[in-house]
Amino acid sequence: MAKTQARYVCQECGGVQPKWSGKCDACGAWNSLIEEVVEKAAPKGLGGAKGRKIDFVSLSGSSKKSPRRVTNIAEFDRVAGGGLVPGSVVLIGGDPGIGKSTLLLQVTAKLSENSRCAYVSGEEALDQVRMRAQRLGVAEAPVQLAAATSVRDIVTTMDGEDAPDVLVIDSIQTMYVDAIDSAPGTVSQVRASAQELIRVAKRRGIVLLLVGHVTKEGTIAGPRVLEHMVDTVLYFEGERGHQFRILRGVKNRFGPTDEIGVFEMTEIGLAEVTNPSALFLGDRQDNVSGACVFAGMEGTRPLLVEIQALVAPSPYGTPRRAVIGWDSGRLAMVTAVLEARCGVVLAGSDVFLNVAGGLKVGEPAADLAVAAALLSSLTGKPVPSNSVVFGEIGLSAEIRAVSHAEARLKEAAKLGFERAILPEPRRSSGDKKAPRNGSLALATIRHLHDLVAMFQDETNIGRKAGEA
């Protein structure tokens with residue numbers, strides 16, 4: 001008879017320890033070790049039994065391609081790569097209450113027009129899901145609904161004759177495999193449940209949509225191996241105080257990554273935002289110091305957002321650096337380059353930076369727009385309201401060219417902007433090709449000094465630290 005032994009598994013990183021301690025040695029998380037009981041068997045290897053021989057096929061062989069299942073929700077299809085691939089597994093994560101269940105209920109309602117769709121809820125009762133469907137106006141959609149948490153029962157249903165074409169599991173942390181002696185939501189249960197569901201979905205060609213909880217750091221709960229097991233990982237983001245929601249793709253085996261879809265949360269559900277640039281700039285005020293319009297790229301989509309900065313005298317010995325929607329380390333680099341290379345005095349001032357609308361910007365092309373917003377707030381001189389800014393700043397204060405300049409300029413011209421401040425184009429084979437600007441007037445700069453010169457008439461600009 002096999003013996004049993006206890007082990008302690010970290011619910012943040014999946015690390016295993018022989019005894020309990022308050023802190024995980026692998027990732028440093030506190031109070032994350034949960035006891036799990038496993039059977040202890042002697043290591044016997046493969047033994048004398050032989051496996052079957054694997055049949056290899058040619059790399060150039062042809063396979064039957066199944067058409068994607070299009071939801072007709074353009075923002076969702078964009079992030080998914082043009083639709084859902086049969087047999088693919090999609091993991092959707094996000095903060096509690098952000099709208100994951102609302103989004104998936106609308107998606108399954110659209111897909112049910114041409115496919116058999118099933119929605120399995122492990123957290124809510126059937127009546128709660130029906131109430132949400134009535135609020136969203138999709139109560140009449142032919143979606144099969146069930147409340148279950150047993151993976152064995154769900155797998156048996158997926159293997160039946162009337163198996164669905166699309167299956168939603170809400171959420172994977174509530175599922176359990178009865179052969180594992182641990183509570184639902186633990187690392188072992190999450191891994192085993194996902195593995196069994198994925199295996200059947202691949203074999204039967206079922207589109208599997210998994211909802212995953214996130215930790216306080218914003219990553220999907222459980223080990224990172226869960227993200228490696230699926231084909232697509234989507235994050236549903238948004239600030240509580242804003243009505244905008246961003247669906248961001250961070251992994252996609254069947255489409256581009258770093259693509260985003262923009263939604264607006266309304267009383268009747270999530271509405272698509274077909275022109276997010278106009279929406280993010282809808283509340284922008286002209287001739288305000290510290291504000292700058294950044295022409296960015298999210299995947300293949302150009303997106304214009306407003307960068308807001310506030311530079312104020314610090315009443316304390318240590319100035320504050322507060323950032324919302326951008327990398328705080330990147331802000332520290334930009335302020336250091338302004339001080340060390342351009343003589344702009346920021347050491348005794350608090351700096352606050354915000355990306356308006358609740359969007360999170362991650363590309364280095366926002367460096368120049370951030371620097372312009374900081375200089376505008378420091379001097380009180382507004383950036384021209386008809387201008388867009390983009391470019392990367394190097395540690396020697398050089399302005400580096402960024403990709404997709406033409407797409408950025410085209411989006412700015414479409415929204416009525418007249419001027420663009422951007423770096424000089426890259427030299428390729430000895431020649432210099434300028435981006436096509438359409439109706440925009442281009443102001444190209446090579447060094448951060450050129451940007452500082454635009455605000456040079458103000459007294460705070462250009463003073464060395466020793467002259468302050």
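**Exercise 1.** In which strand is Gly212 found? Classify Gly212 as buried or exposed, and state how far apart Gly212 and Gly93 are in sequence and in space.

*Solution.* The structure is a predicted model.

Step 1. Gly212 belongs to strand β8, which covers residues 207–212.

Step 2. The relative accessible area of Gly212 is 0%. Buried means under 20%, so Gly212 is buried.

Step 3. Gly212 and Gly93 are separated by 119 residues in sequence, while their C-alpha atoms are 4.8 Å apart in space.

**Exercise 2.** Locate Lys410 among the helices, and decide whether Lys410 is buried or exposed.

*Solution.*

Step 1. Helix α10, spanning residues 405–414, contains Lys410.

Step 2. The relative accessible area of Lys410 is 66%. The cut-off for exposed is over 50%; therefore Lys410 is exposed.

Step 3. For a distance in space, take Leu440: Lys410 and Leu440 are 30 residues apart in sequence and 8.8 Å apart from C-alpha to C-alpha.

**Exercise 3.** Describe the pairing of strand β20 with β17 and with β23, and give the burial of β20.

*Solution.*

Step 1. Strand β20 consists of residues 419–423, and four of its five residues are buried.

Step 2. Strand β17 (residues 387–389) pairs with β20 in the parallel sense over three bridges. Within this pairing, Val388 has Ala420 of β20 as its bridge partner.

Step 3. Strand β23 (residues 441–445) also pairs with β20 in the parallel sense, over five bridges. Here Leu422 has Thr444 of β23 as its bridge partner.

**Exercise 4.** Trace the pairing from strand β10 to β11 and from β11 to β12.

*Solution.*

Step 1. Strands β10 (residues 244–252) and β11 (residues 260–266) pair in the antiparallel sense over five bridges. Phe244 is matched with its bridge partner Glu264 in β11.

Step 2. Strand β11 pairs in the antiparallel sense with β12 (residues 269–272) over four bridges. Met265 stands opposite Leu270 of β12.

Step 3. The connection between β11 and β12 is a hairpin through two residues.

**Exercise 5.** How many cavities of 30 Å³ or more are counted? Characterise the largest and the second largest.

*Solution.*

Step 1. The principle is that rolling a probe the size of a water molecule over the atoms shows where empty space is left. The count is three cavities of 30 Å³ or more.

Step 2. The largest cavity holds about 90 Å³ of space. Its lining comprises 14 residues, with Arg284, Ala291, Cys292, Val383 and Ser385 nearest the centre. Strand β13 (residues 291–298) gives the most to this lining, namely three residues. By class, the lining of the largest cavity divides into seven nonpolar, four polar and three charged residues.

Step 3. The second largest cavity has a volume of about 60 Å³. Its lining residues include Arg68, Leu84, Thr232, Asn252 and Phe254. The lining of the second largest cavity divides into six nonpolar, four polar and one charged.

**Exercise 6.** Summarise the chain by its secondary structure, burial, contacts and exposed area.

*Solution.*

Step 1. The chain has eleven helices and 23 strands.

Step 2. Of its 468 residues, 47% are buried.

Step 3. Among contacts with a separation of 6 or more, 68% are between residues 24 or more positions apart.

Step 4. The chain exposes about 23,700 Å², of which carbon and sulfur atoms supply 50%.

Notes: Residues numbered from 1 in each chain as written. Predicted model: local features only at pLDDT ≥ 70, side-chain atom pairs only at ≥ 80, totals over all residues. Heavy atoms only, no water. Buried < 20%, exposed > 50% of the residue type's maximum accessible area, 1.4 Å probe, protein only. 1 Å grid on protein atoms, 1.4 Å probe; cavity = no way out; pocket = protein on both sides within 12 Å on 5 of 7 lines; lining within 4 Å. Points joined across faces, edges and corners; volume = space filled by probe spheres on them. Nonpolar A, V, L, I, M, F, W, Y, C, P; charged D, E, K, R; others polar. Contact = heavy atoms within 4.5 Å. Areas by Shrake-Rupley, 256 points an atom, 1.4 Å probe, with all protein chains shown as cover. Pairing = 2+ DSSP bridges.
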